[in-house]
Amino acid sequence: MKVLVPIDGSKHSTEGLRVASHFAKTNKAKIYILNVIASVADVDLELSASDRDRLLESLKRRGEDLLTKAKDQMKSHGVTDISTVLVTGDSPAHEIVSFGEKEKIDLIVIGSKGKSATARFLLGSVASKVVKYSHCCVYVVKEPCWA
């Protein structure tokens, strides 16, 4: 079994790691932890090319830091078969669904709300799109799942 856990640093995605660790232990699943960083190449910001490069590098460092912390959290729950993936894209939902199809993921465990401004809605726009377009089952995690 292959389980994909998209993370963005929100408490809901952190709870998704806990749920995925349970699946991994009970089903001997391989865990893929994915972080999508926003593409800034086509964004119309009043930034010089060097400032844009620094911004992208900063986003990459943050993504790598999130992935390292998530992998450490999974290891602390006893999970050992873990891969981390950092991708850049315009649409996090598209990147998540595409990765799931490409890697033949069996289950996506995603937080119900992320760090974006859409967190005020009942179900975040990324989670909603992943549920709608994913080829596999999607487990939407609300926080907290269990004590």
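## Overview

Contacts between residues 24 or more positions apart make up 75% of the protein chain's contacts with a separation of 6 or more. Please keep in mind as you look around that this is a predicted model.

The protein chain has four helices and five strands. If you follow the sequence from start to end, these elements come in the pattern β-α-β-α-β-α-β-α-β. The chain holds 147 residues, and 38% of them count as buried.

## The sheet

A good place to begin is the sheet. Its five strands form an open sheet in the order β3-β2-β1-β4-β5, and their pairing is parallel. At the edges sit β3 (82-89) and β5 (137-141), each of which pairs on one side only. From one strand to the next, the twist averages 25°. As general background, the strands of a sheet pair through backbone hydrogen bonds, in either a parallel or an antiparallel way.

To see one pairing in detail, look at strand β4 (residues 107-111), which is joined to β5 by five bridges, the two strands running parallel. One residue to find here is I108, whose bridge partner in β5 is V138.

## Helix α1

Next comes α1 (11-27). Its end C-alpha atoms are 24 Å apart, which agrees with the 24 Å that 17 residues should span at 1.5 Å a residue. The buried residues of α1 are H12, S13, E15, G16, L17, V19, A20, S21, F23 and A24. They are covered by elements including β1 (2-6), β2, α2, β4 and β5.

Just after α1 you will meet K28, which takes a positive phi of about 50°.

## Helix α2

Helix α2 (residues 49-76) lies across β2 (30-38) and β3, and runs at about 160° to β2. With 28 residues, α2 reaches 41 Å from its first C-alpha to its last, close to the 40 Å expected at 1.5 Å a residue. In α2, the buried residues are R52, G63, L66, L67, A70, Q73 and M74, and these pack against α1, β2 and β3. An α-helix has 3.6 residues a turn, so residues three or four places apart point the same way.

Is K69, a residue of helix α2, buried or exposed? K69 counts as exposed because its relative accessible area is 52%, and the cut-off for exposed is over 50%. K69 and T14 are 55 residues apart along the chain, and their C-alpha atoms are separated by 10.0 Å. After α2 comes G78, with a positive phi near 90°.

## Helices α3 and α4

The remaining helices to explore are α3 and α4. Helix α4 (residues 125-133) lies across β4 and β5, running at about 160° to β4. Two packed helices are described by the angle between their axes and the distance between the axes. For helix α3 (residues 92-102) and α4, the angle is about 35° and the axes are 8 Å apart. Their crossing is right-handed.

Which residues of α3 and α4 meet? From α3 come P92, A93, I96, V97 and E101, and from α4 come V126, K129, V130 and Y133. Sorted by class, this contact has seven nonpolar, no polar and two charged residues.

Methods:
Residues numbered from 1 in each chain as written. Predicted model: local features only at pLDDT ≥ 70, side-chain atom pairs only at ≥ 80, totals over all residues. Heavy atoms only, no water. Pairing = 2+ DSSP bridges. Axes fitted to C-alpha atoms, helices over the stretch in contact; angles between N-to-C directions. Contact = heavy atoms within 4.5 Å. Expected span 1.5 Å × (residues − 1). Buried < 20%, exposed > 50% of the residue type's maximum accessible area, 1.4 Å probe, protein only. Left-handed = near helix turned anticlockwise from the far one by under 90°. Nonpolar A, V, L, I, M, F, W, Y, C, P; charged D, E, K, R; others polar.
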